[in-house]
Amino acid sequence: MADIAKLVEDLSQLTVLEAAELAKALEEAWGVSAAAAVAVAAPAAGGGDAGAAAEEKTEFDVILTGDGGKKIQVIKEVRAITGLGLTEAKTLVESAPKALKEGINKAEAEEIKKKIEEAGGTVELK
């Protein structure tokens with residue numbers, strides 16, 4: 001591990017021109033292009049089903065799709081999740097479908113979905 005960390009540190013100090021020269025030298029030495037190397041590396045890293053691994057999402061948007069007839073409870077949850085004031089949270093809930101949070105990890109998205117659904121609202125993860 002120490003050797004890899006040292007190599008990463010050394011490569012991080014290269015200028016853009018030096019990095020381009022290095023990429024070209026490696027392409028010539030190994031007989032591949034950088035694009036082909038990336039395409040070959042992706043399935044190897046993915047294991048069994050490379051197509052699914054390459055398409056697996058890491059960032060999610062939580063979209064409030066409705067209040068389920070329990071507007072007050074959903075507004076309270078939206079306020080707790082987003083930190084919005086009462087008026088802003090009410091406007092967000094009334095204008096559903098609307099994004100609550102964007103670009104968050106799957107665990108946080110699932111937690112928010114659970115809280116909104118427990119309050120009576122409906123949520124979609126994208």
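G121 lies in the loop between α7 and β3 (122-125), and this glycine makes a good starting point for a walk through the structure, which is a predicted model. With a relative accessible area of 5%, G121 falls below the 20% cut-off and is therefore buried. Setting aside neighbours within four places in sequence, the residues in contact with G121 are G66, D67, G68, V74 and I116. Another glycine, G69, is 52 residues away from G121 along the sequence, yet the two C-alpha atoms are 7.7 Å apart in space.

Stepping back to the whole chain, the secondary structure consists of seven helices and three strands. Followed along the sequence, these elements come in the order α-α-α-α-β-α-α-β-α-β. The chain has 126 residues, of which 16% are buried. Among contacts between residues at least 6 apart in sequence, 64% link residues that are at least 24 apart.

The interior can be followed next. The largest nonpolar core contains 17 residues, and V62, L64, V78, L100, I112 and I116 are those with the most contacts inside it. At least two residues of this core come from each of β1 (60-66), α5 (71-82), α6 (86-94), β2 (98-104) and α7 (106-119). L64 offers a helpful view of these surroundings: beyond residues up to four places away in sequence, L64 touches V74, V78, L92, V93, A96, P97, K98, L100, I116, T122 and V123. I116 and V74 thus appear in the contacts of L64 and also in those of G121.

Two of the residues touched by L64, A96 and P97, deserve a closer look. The peptide bond that joins A96 and P97 is cis, with omega at about 5°. P97 itself sits in the loop between α6 and β2.

The pair α5 and α6 completes the picture. How do these two helices pack, and at what angle? Their axes are 9 Å apart, and the angle between them is about 120°, which means that α5 is oblique to α6. The crossing of the two helices is right-handed. On the α5 side, the contact is made by K71, V74, I75, V78 and R79, while α6 contributes L86, A89, K90, L92, V93 and E94. Sorted by character, the residues of this contact are seven nonpolar and four charged, with no polar ones. Some names return here: V74, V78, L92 and V93 take part in the helix contact and are also touched by L64.

Methods: Residues numbered from 1 in each chain as written. Predicted model: local features only at pLDDT ≥ 70, side-chain atom pairs only at ≥ 80, totals over all residues. Heavy atoms only, no water. Core = buried A, V, L, I, M, F, W, Y, C linked by side-chain atoms within 4.5 Å. Buried < 20%, exposed > 50% of the residue type's maximum accessible area, 1.4 Å probe, protein only. Helix = DSSP H or I, 4+ residues; strand = E, 2+ residues; numbered from the N terminus. Contact = heavy atoms within 4.5 Å. Axes fitted to C-alpha atoms, helices over the stretch in contact; angles between N-to-C directions. Parallel < 35°, antiparallel > 145°, perpendicular 65-115°, else oblique. Left-handed = near helix turned anticlockwise from the far one by under 90°. Nonpolar A, V, L, I, M, F, W, Y, C, P; charged D, E, K, R; others polar.
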